[in-house]
Amino acid sequence: MEDGTIKSLGYCGDTDGDYDVLQWDTRADCEVRQILDRVADKWSLLVIALLDRRSLRFTELRRLIDGVSQRMLTRTLRHLERDGLVSRTVHATVPPRVDYELTPLGATLHATIRALVSWTETHQNEIAAARTAYDARVLAEQQAAEEEAAERAEIAHNVLAATR
């Protein structure tokens, strides 16, 4: 293979060796980026976390996930199924019953999600303090900018008044 030739359309960098954030190419055809976008989505995270305990029906998932629309949950489940993270079982009953559960691959992802949630719980107070400090700093900067603008407007007004 020639230098500079990509290995496949979805190839966007090696994940082995030295860690390089630039391997998360922003090209639409980058498989790593596509997978990260999918599994880092808030609805996907919740679905994977809920399915870790047991299989659930669509209506159970929708009831457990506050704020998700039927359309968004359907799309999320289809994407997760396509990626091999969730399996869908249709039972021939009236009305039809559909169960969703994590695949073995999806279960391996749950361990990573659990670590992320654990990190968040550990650092939530630090993050809240940082947000409060940031909001206070931004508010102070806005107030200072408004005061400076008012002073400039007053100076301009006085200059115009003096030239009349």
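Tutor: Helices (H or I, at least four residues) and strands (E, at least two) are DSSP runs, numbered from the N terminus. Ala111, for example, is placed in helix 5. The structure is a predicted model, in which local features need pLDDT of at least 70 and side-chain atom pairs count only at pLDDT 80 or more, while totals for chains, interfaces and linings use all residues. Residues are numbered from 1 along each chain as its sequence is written, and side-chain values use heavy atoms, with hydrogens and water left out.

Student: How many helices and strands does the protein have?

Tutor: The protein contains five helices and three strands. Along the sequence, these elements follow the pattern α-α-β-α-α-β-β-α.

Student: Is Ala111 buried, exposed or partly exposed?

Tutor: Buried means under 20% relative accessible area, exposed over 50%, and partly exposed in between (1.4 Å probe, protein chains only). Ala111, with a relative accessible area of 39%, is therefore partly exposed. Its C-alpha atom is 9.4 Å from that of Asp52, although the two residues are 59 apart in sequence. Of the 164 residues of the protein, 21% count as buried.

Student: Which residues of helix 2 are buried?

Tutor: They are Trp43, Ser44, Val47, Ile48, Leu50 and Leu51. These residues lie on the same side of helix 2, because they cover an arc of only 165 degrees around the axis; the arc is that of the directions from the helix axis to the C-beta atoms.

Student: Which residues of the largest nonpolar core touch the most other members?

Tutor: A nonpolar core is a set of buried Ala, Val, Leu, Ile, Met, Phe, Trp, Tyr and Cys residues joined through side-chain atoms within 4.5 Å. In this protein the largest such core has 21 residues, and Leu51, Leu61, Leu73, Leu77 and Tyr100 touch the most other members. Two or more residues each are given by helix 2 (42-51), helix 3 (58-64), helix 4 (70-82), strand 3 (97-102) and helix 5 (104-163). Helix 2 provides the largest share, five residues.

Student: What does Leu73 touch, not counting residues up to four places away in sequence?

Tutor: A contact means heavy atoms within 4.5 Å. With that sequence limit, Leu73 touches Val47, Phe58, Leu61, Arg62, Ile65 and Val68. Over the whole protein, among contacts between residues at least 6 apart in sequence, 35% join residues at least 24 apart.

Student: At what angle do helix 2 and helix 5 pack?

Tutor: Axes are lines fitted to C-alpha atoms, for helices over the stretch in contact, and angles run from 0 to 180 degrees between N-to-C directions. Angles under 35 degrees count as roughly parallel, over 145 as roughly antiparallel, 65 to 115 as roughly perpendicular and the rest as oblique. Helix 2 and helix 5 pack at about 110 degrees, with their axes 9 Å apart, and are therefore roughly perpendicular to each other. Leu45, Ile48 and Ala49 of helix 2 make this contact with Gly106, Leu109, His110 and Ile113 of helix 5.

Student: At what angle do the axes of helix 2 and helix 4 cross?

Tutor: These axes cross at roughly 70 degrees and come within 10 Å, so helix 2 and helix 4 are also roughly perpendicular to each other. Trp43, Ser44, Val47 and Ile48 in helix 2 meet Met72, Leu73, Thr76, Leu77 and Leu80 in helix 4. On the helix 2 side, Ser44 is buried, with a relative accessible area of 2%. Ser44 touches Arg38, Val39, Thr76 and Leu80, not counting residues up to four places away in sequence. On the helix 4 side, Thr76 counts as buried at 3% relative accessibility. Leaving aside neighbours within four places in sequence, Thr76 is in contact with Asp41, Trp43, Ser44 and Val47.

Student: What does the side chain of Thr76 reach at 2.8 Å?

Tutor: A polar contact is a pair of N or O atoms within 3.5 Å; within protein, one must be able to donate a hydrogen and the other to accept it, and residues adjacent in sequence count only if both atoms are side-chain atoms. The side chain of Thr76 reaches the backbone oxygen of Met72 at 2.8 Å. At the start of helix 2, a side-chain oxygen of Asp41 comes to within 3.0 Å of the backbone nitrogen of Trp43. In strand 2, the side chain of Arg88 makes a polar contact with that of Tyr100 (3.4 Å).

Student: Which residues does a cis peptide bond join?

Tutor: Most peptide bonds are trans. Here a cis peptide bond joins Val94 and Pro95, with omega about -5 degrees. Pro95 is in the loop between strand 2 (86-91) and strand 3.
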